[in-house]
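Load the model in the viewer and keep the selection panel open. The tour goes stop by stop, each with something to select and a short note on what is there.

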Amino acid sequence: MDDTKLGMQGQPPACVIKPTERSKYEQIWQHDKYRETSPGEQLGHMFLQQAKPAVGETVIDFGCGTGRGGLMLNALGGLKPVFVDFASNALDPDIREASAKNPDKWPFYRHDLSKWPYPMELKGVKYGYCCDVMEHIPPEQVMLVLKNILRSARHVFFSIATEPDNLGGLIGEQLHLTVQPFEWWLDKFNELQCSIHWSHKHDGGALFYVTAFATGNDLQAIMVTNVDEQAIYDNVLANLRLKLNEVCPHDTQDIEIIVLGGGPSLNEFVDEIKAHYDAGTHVVTTNGAYNWCMDRGITKVTQIMVDGREFNRRFVTPVMPNCKYLMGSQCHPSVVASLPTDQTLLWHAGAAPKVREAIDAYAKESGADREWYPIYGGSTVMLRAIPLLRTLGFRKLHIYGFDSCLSGAEHHAYPQKENEGHRLVEIEVGGRKFQCTAWMWEQAHEFIDLTRAIAEVCDLAVYGDGLIAHIIKTSAALPPIGDAKPRYFLDTPEEKPNGCISLPTVQRSEEVPSHC
């Protein structure tokens, strides 16, 4: 009788459990040879040369590995490094020991860069350092990791290997999972609409110093209208041929004026606005606030429009003999031509290429060089009205109906069907919750940028209990987009305010990119 054999016999298992990415790197970090070279340590001087950070600034070392890169930034530039890596044993033993003894000075976070939110404090972090990390990210996660990193620090230095690794053989694994040339990585940063401060292509690698944040000044250069570029060109050229007088800078004056937006709080101040109007205070309206005033007997106003679409002729209908009309040059020419020439001034929204091209074409066509004064600002008519009025010399503005949030279910003080059914998000700011559409939220961020740019030359008072007034009263910061909670989503076209300028998807000074 054969001996009894315990156990199982048969074919080898068909399923092989592969090590996780984290365990793979925890294994490779056990090899001293893998620690011999630290790209971050070697490139510290180059980062400092490009970034020129102040002593004491925080720098996040994304995928810090040995930690010697962050240590070098501390030694050479006096920076405070924050170490992040998903392998618990990545830090060199002496740095690991220092972090354990003094975590406030040498903080280390074990975290997967593809997972949001990141565990460290991010508010106010200016600098990121990411050396020989991105080539280790699986291709399907590259954009996600880039977005997470770029939303965590305002300016990030990347060193990326562009050739296969030569040490994965230590554990029988391929470590460089995304091996792509310099141009491929450049395209990725451009897809995320980054500003490339500096870049360098070298044998076996690519260097980038970039930001996905935009400042108030950056906004000036990237404004485009919400009609296509050819329509912008055609509208501007047609309006220039009308030979209207154009806005030009005026001396500063201390006259106080009222500016009306279309937010729902406008209806709470009817008596107050009429009292000021009756007392002789001049009223400036934007978009549908013009008709709101006409309905309430406020018939001598200055109307500002910037929308390039013909159906918004309603915003200047009826034409009133005592009104002035400040029309953006990209407004539809049939709308502009319908207005009395002696009551109308043309102005140009920013230095958008098509606006500039149309102005140059008209100069050539008319045979005369001409001055023009671009009006910068944000993506809504109110955010252009403020700089426009400042250009005209008005620095004391009392603003009503500028909410940038809903009041109950109302998005405007009057019906505006094209704004119905837009996606809503709930955000908490300074202890209060607000319901906003995407464009309202963006407008609030842009308002913060705008006020920083004009704070010393313009006095603004915003009335009501909306998001904008709340930000001013409490000095509260808006949360990043990642912290907002979507309440519902409707299958609607991309929403835009009824004021013609829209921004590319870029990150604001205090928010994360909307593509994240």
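Does Asp92 count as buried or exposed? Asp92 counts as buried, since its relative accessibility is 9%. The model is a predicted one.

**Whole chain**

Before zooming in, colour by secondary structure: the chain holds 16 helices and 21 strands. Buried residues make up 51% of the 516 in the chain. Taking contacts between residues at least 6 apart in sequence, 72% join residues at least 24 apart.

**Stop 1: Arg35 and Asp92**

Select Arg35 together with Asp92. The two form a salt bridge in which the closest N and O atoms are 2.8 Å apart. Arg35 belongs to helix 2 (residues 32-35), while Asp92 sits in the loop between strand 2 (80-85) and helix 5 (93-101), so the bridge ties together parts that are 57 residues apart in sequence. Arg35 is buried at a relative accessible area of 11%, and Asp92 is buried at 9%.

Now add Glu41 and Arg68 to the selection. With Arg35 and Asp92 they are linked in a network of salt bridges.

**Stop 2: helix 3 against helix 4**

Glu41 and Arg68 lead to the next pair of elements. Select helix 3 (residues 39-51) and helix 4 (residues 68-77), whose axes come within 8 Å and cross at roughly 40 degrees. An angle of 65 to 115 degrees would count as roughly perpendicular and one under 35 as roughly parallel; helix 3 and helix 4 are therefore oblique to each other. Their crossing is right-handed. On the helix 3 side, show Gly40, Glu41, Gly44, His45, Phe47 and Leu48; on the helix 4 side, show Arg68, Gly69, Met72, Leu73, Leu76 and Gly77, and the contact is complete. Sorted by class, this contact has five nonpolar, five polar and two charged residues.

**Stop 3: Lys101 and Glu97**

Move to helix 5 and select Lys101 and Glu97. Both lie in this helix, four residues apart, which is about one turn. Their salt bridge has its closest N and O atoms 3.0 Å apart. Lys101 counts as exposed at 66% relative accessibility, whereas Glu97 is partly exposed with a relative accessible area of 43%.

**Stop 4: Glu183 and Lys201**

How far apart, N to O, are the side chains of Glu183 and Lys201 in their salt bridge? The distance is 2.8 Å. This pair links distant parts of the chain, with Glu183 in helix 7 (residues 182-191) and Lys201 in strand 6 (residues 195-202), 18 residues apart. Glu183 counts as partly exposed, at 37% relative accessibility. To place these pairs in the whole, the salt bridge count comes to 17.

**Stop 5: helix 6 against helix 7**

Keep helix 7 on screen and add helix 6 (residues 142-152). Their axes come within 11 Å and cross at roughly 55 degrees. Helix 6 and helix 7 are therefore oblique to each other, and the crossing is right-handed. Show Val142, Met143 and Leu146 of helix 6, which meet Trp184, Trp185, Lys188, Phe189 and Glu191 of helix 7. By class, the contact has six nonpolar, no polar and two charged residues.

**Stop 6: helix 14 and Leu460**

Select helix 14 (residues 381-391). Ten of its eleven residues are buried, so the helix is largely enclosed by the rest of the structure. Among the buried residues are Arg384, Ile386 and Arg390. Just after helix 14, Gly393 takes a positive phi of about 105 degrees.

From Ile386, go to Leu460, which is found in strand 19 (residues 459-462). Leaving aside residues up to four places away in sequence, Leu460 touches Ile386, Leu397, Ile399, Phe447 and Thr451. The C-alpha atoms of Leu460 and Arg395 are separated by 7.8 Å, with their positions 65 residues apart along the chain. Leu460 counts as partly exposed at 25% relative accessibility.

**Stop 7: His470**

Finish in helix 16 (residues 467-474), where His470 is found. At 8% relative accessibility, His470 counts as buried. Show Val429, Gly430, Arg432, Phe434 and Ser475 around His470: it touches these residues, not counting those up to four places away in sequence.

Technical notes:
Residues numbered from 1 in each chain as written. Predicted model: local features only at pLDDT ≥ 70, side-chain atom pairs only at ≥ 80, totals over all residues. Heavy atoms only, no water. Axes fitted to C-alpha atoms, helices over the stretch in contact; angles between N-to-C directions. Helix = DSSP H or I, 4+ residues; strand = E, 2+ residues; numbered from the N terminus. Parallel < 35°, antiparallel > 145°, perpendicular 65-115°, else oblique. Left-handed = near helix turned anticlockwise from the far one by under 90°. Contact = heavy atoms within 4.5 Å. Nonpolar A, V, L, I, M, F, W, Y, C, P; charged D, E, K, R; others polar. Salt bridge = Lys/Arg side-chain N within 4 Å of Asp/Glu carboxyl O. Buried < 20%, exposed > 50% of the residue type's maximum accessible area, 1.4 Å probe, protein only.
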